[in-house]
Amino acid sequence: MFLSGWRWLGFLLLHTLVLAVTAKRARRNVLFIMADDLRTTLGCYGDPVVKSPNIDQLASKSQVFLNAYAQQAVCGPSRTSMLTSRRPDTTRLYDFNSYWRVHAGNYTTLPQYFKSRGYFTMSVGKIFHPGIASNHTDDFPYSWSVPAYHPPSFAYEKSKMCKGVDGKLHVNLLCAVNVTEQPGQTLPDLESTDEAVRLLRHRANDDTPFFLAVGFHKPHIPFRIPQEYLRLYPLDQMTLAPDPSVPKLLPRVAYNPWVDLRRRDDVQQLNVSFPYGPIPKDFQLRIRQHYFAAVSYMDAQVGRLLSALDELGLADNTMVVFSSDHGWSLGEHGEWAKYSNFDVSTRVPLMFYVPGVTAARSWPEEESTFPFIDVFSQSEHSFKTDRVIRNVVELVDVFPTVSYLAGLKAPAPCPDVSFKEELCTEGDNLAYTFRHRERGEDEEDIAFSQYPRPADTPQENSDLPDLKDIKIMGYSLRSWDYRYTLWLGFNSKTYEVNASDVHAGELYMLEDDPGQDNNLYNDNDHGLMMRKMGGLHQAVSLQKRMRLQLLYLTAGMKTSRRKV
């Protein structure tokens with residue numbers, strides 16, 4: 001009996017080892033979740049106000065990247081960049097008005113790559129930016145095995161659906177509603193969650209691996225959300241942004257005049273002057289309240305989706321990726337919305353749940369992996385996130401990382417000029433970070449973002465200029481210690497940037513100035529630096545030039561800090 005027990009134990013150990021080896025080789029399903037306009041206002045990112053228990057629970061079983069950055073802080077260009085793993089200068093999409101396969105190159109997308117490797121690929125909600133930017137088809141049939149699903153109720157998103165104080169319906173920014181009074185008694189993200197759960201049920205017993213992308217529309221404006229979520233954020237407990245004024249040394253070209261907010265009926269009634277006039281403080285508090293409530297509403301949909309994944313027995317063989325297309329300013333620097341190069345606009349949440357890697361696989365008798373958490377009845381939750389990466393990463397890194405972690409080969413790095421390369425990556429495969437503990441600050445890690453402008457001063461189209469109107473491109477490097485931005489002359493016909501045509505610059509030392517309010521850039525220092533670097537070969541890329549410039553400009557700062 002004793003011997004047979006040992007044999008049984010040995011069999012179990014051998015079986016476990018076999019399962020582990022098989023798991024490493026087997027292809028994982030992928031659940032790819034994207035929020036819209038979500039900054040890192042989440043509990044798992046240290047936000048003390050926002051209630052996001054379901055995403056926090058996901059983070060506790062994931063590897064979380066604390067400093068991930070989008071390549072352009074607006075929906076279409078950012079999503080196309082992330083899904084092709086090419087930067088906006090390669091996709092040549094800076095607005096919403098072109099399709100990369102026609103306009104730039106026939107680049108393979110992340111879901112297309114999985115589809116070509118035998119996956120059944122599906123899209124629900126907002127993944128690609130709809131319209132011209134994805135050929136009016138969400139890039140079907142290239143990227144998806146079946147046509148993308150869009151919630152029918154989204155058709156009302158820009159209609160007069162918001163009840164004002166006058167009792168009439170308006171196109172408002174603040175639009176908390178009674179869902180039972182909405183068309184179909186539903187909202188877009190509710191419908192998208194229902195459809196995603198239906199698709200999971202359909203795929204649960206199919207041997208073909210799947211790639212399911214689910215894009216939630218919130219917290220994108222308008223804040224058309226169930227009104228009960230406002231109860232989580234009493235208005236008398238809301239606070240203004242820590243830096244609500246326009247910084248004195250902020251270049252005018254860098255300022256985002258938040259025109260899309262100004263067009264809303266309730267904001268127009270405020271008679272705010274263009275471009276810098278501040279929104280009244282009481283309305284600022286209400287914007288922040290509604291944004292936080294929209295995050296909690298979206299979190300509940302993530303919770304519904306993950307609990308369904310769990311209940312269907314898919315959590316042990318499905319990788320979950322959660323991120324956003326870019327952030328959103330909530331009054332910092334006197335700005336609202338995205339449309340800038342600041343951290344509040346470019347920094348996004350990014351986490352990867354990989355069963356057997358970031359979290360142990362569950363046994364049948366164990367509790368659920370992702371039980372749904374009702375924020376109203378179970379508001380106090382505390383989750384510990386052990387696996388965090390603090391060094392800087394980018395959304396162009398997502399494609400190669402997801403591919404590798406799912407069991408596919410990661411695309412090869414792109415050459416310097418890659419317009420004719422269909423499959424390659426301008427990002428890095430972050431899979432190595434799952435195998436090795438982070439050892440500390442890596443000054444070599446850089447995120448590179450950009451934003452176009454039509455002029456040196458704020459205009460009505462500064463937030464989202466059409467390609468033909470772009471005259472200036474703001475290129476921004478984000479390192480561990482600094483954010484360095486140059487606003488350079490840009491030719492929209494040839495897509496060429498003139499690195500010697502400097503319209504303005506920004507330099508922020510993040511240890512002393514995490515909010516990026518004190519611009520240290522000096523025209524004289526830049527002129528001297530440019531003369532010293534005049535011998536650089538023309539073939540040196542703008543990214544490399546700006547890296548060298550940052551090292552030059554900050555060398556003295558680091559020396560002085562060491563002396564202190």
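**Reading disulfides and sheets**

Trainee: Is the link of C162 and C175 left-handed or right-handed?

Mentor: With -100 degrees about the S-S bond, the link of C162 and C175 is left-handed. Keep in mind that this is a predicted model.

Trainee: What joins C162 to C175?

Mentor: Start with the general idea. A disulfide is a covalent bond between the sulfur atoms of two cysteines. In this structure, C162 and C175 are joined by a disulfide, with 2.1 Å from S to S. The pair connects distant parts of the chain: C162 belongs to strand β4 (residues 162-163) and C175 to strand β6 (residues 174-177), 13 residues apart.

Trainee: Why does C162 count as buried?

Mentor: The cut-off for buried is under 20% relative accessible area. C162 has 4% relative accessibility, so C162 counts as buried. Its partner C175 has a relative accessible area of 1%, so C175 is buried too.

Trainee: How many disulfides does a search of the whole structure find?

Mentor: The search finds two. Besides the link already described, C414 and C424 form a disulfide, with their sulfur atoms 2.0 Å apart. Here the angle about the S-S bond is 90 degrees, and the link is right-handed. Both cysteines lie in the loop between α12 (398-406) and α13 (432-435), so the pair ties together parts that are ten residues apart in sequence.

Trainee: What does C414 touch?

Mentor: Leaving aside residues up to four places away in sequence, C414 touches R86, C424, T425 and E426. C414 has a relative accessible area of 16%, and therefore is buried.

Trainee: Which pattern do the disulfides of the chain follow?

Mentor: Count the bonded cysteines along the chain, and the pattern is 1-2, 3-4. C75 is in no disulfide: the nearest cysteine sulfur, that of C175, is 18 Å away. C75 has 2% relative accessibility, so C75 counts as buried.

Trainee: Now the sheets. How do strands of a sheet pair?

Mentor: In general, the pairing is through backbone hydrogen bonds, and the strands are either parallel or antiparallel. One open sheet in this structure has four strands, in the order β14-β15-β16-β17, and its pairing is antiparallel. The edges are β14 (447-453) and β17 (496-509); each has a single partner strand, so one side of each is left without a neighbour in the sheet. From one strand to the next, the twist averages 20 degrees.

Trainee: How many bridges join β14 to strand β15?

Mentor: Seven bridges join these antiparallel strands, with β15 covering residues 472-478. One residue shows how to read this: Y451 has G474 in β15 as its bridge partner.

Trainee: What is the order of the open sheet of seven strands?

Mentor: The order is β3-β7-β1-β9-β12-β2-β13, and the pairing is mixed. At the edges are β3 (120-125) and β13 (388-394), each of which pairs on one side only. The twist averages 15 degrees from one strand to the next. Six bridges join β3 to strand β7 (residues 210-215), and these two run parallel. Within this pair, V124 stands opposite V214 in β7.

Trainee: Which strands does helix α2 touch where α2 packs on the sheet?

Mentor: Helix α2 (residues 53-60) touches β2 (63-69), β9 (318-324) and β12 (347-353), and its direction makes about 55 degrees with that of β12. Helix α7 (residues 188-203) lies across β3 and β7 and runs at about 160 degrees to β3.

Key. Residues numbered from 1 in each chain as written. Predicted model: local features only at pLDDT ≥ 70, side-chain atom pairs only at ≥ 80, totals over all residues. Heavy atoms only, no water. Disulfide = S-S within 2.5 Å. Buried < 20%, exposed > 50% of the residue type's maximum accessible area, 1.4 Å probe, protein only. Pairing = 2+ DSSP bridges. Axes fitted to C-alpha atoms, helices over the stretch in contact; angles between N-to-C directions. Contact = heavy atoms within 4.5 Å.
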